[in-house]
Amino acid sequence: MSVTFLDPEADQSIEVSSYELFADTGAPLNLALIANSFPDGTRFMDKLADVLGELLPQATLHRYQKPNALPITDEQFTTIREDCDAAISVWGH
């Protein structure tokens, strides 16, 4: 009796395009970390902040906590846009 191994990866149906950062990570960088209200989102952001702090020592991390899973408010968006060069949104459940 032979064993057949199946590869669970599908053939690519679209061309892979590389992602390039738009922020200069070699210069001082103000980076927003935005978490929703779910507890594990905040815990994940804590870990992410630790890693980013090591990878980007020139970055200043600005932490924002949304009160719920709705999009950020116009006021929050304005503040983040004025204070930060880039943003990462963290979702938990």
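**Close-up views of a predicted β-α-β-α-β model**

**View 1. The whole chain has 2 helices and 3 strands**. Helices here are DSSP runs of H or I with at least four residues, strands are E runs of at least two, and both are numbered from the N terminus. Read from the N terminus, the order is β-α-β-α-β. This is a predicted model, with local features needing pLDDT of at least 70 and side-chain atom pairs counting only at pLDDT 80 or more, while totals for chains, interfaces and linings use all residues. Residues are numbered from 1 along each chain as its sequence is written, and side-chain values use heavy atoms, with hydrogens and water left out.

**View 2. The C-alpha trace spans about 65 × 30 × 25 Å along its principal axes**. The radius of gyration is 19 Å, while a compact globule of 93 residues would sit near 12 Å. That radius is taken over C-alpha atoms, and the globule rule is 2.2 Å times the number of residues to the power 0.38. Buried residues make up 22% of the 93; buried means under 20% relative accessible area, exposed over 50%, and partly exposed in between (1.4 Å probe, protein chains only).

**View 3. The largest nonpolar core has 11 residues**. Its members are L29, L31, L33, A35, M45, L48, A49, L52, L56, A59 and V90. Strand 1 (29-35) and helix 1 (39-55) each put in at least two of them. A nonpolar core, by the way, is a set of buried Ala, Val, Leu, Ile, Met, Phe, Trp, Tyr and Cys residues joined through side-chain atoms within 4.5 Å. Zoom in on L48: leaving aside neighbours within four places in sequence, L48 is in contact (heavy atoms within 4.5 Å) with L33, I88 and V90. Another core lies apart from the 11-residue one; this other core has 5 residues, among them I34, Y64, I80 and C84.

**View 4. I72 sits in the loop between strand 2 (59-65) and helix 2 (74-83)**. At 26% relative accessibility, I72 counts as partly exposed. Skipping neighbours within four places in sequence, I72 is in contact with I34, K66, F77 and I80. I72 and I34 are 38 residues apart along the chain, yet their C-alpha atoms are separated by 9.1 Å.

**View 5. L21 lies in the segment before strand 1**. With a relative accessible area of 59%, L21 is exposed. The C-alpha atoms of L21 and D50, 29 residues apart along the chain, are separated by 20 Å.
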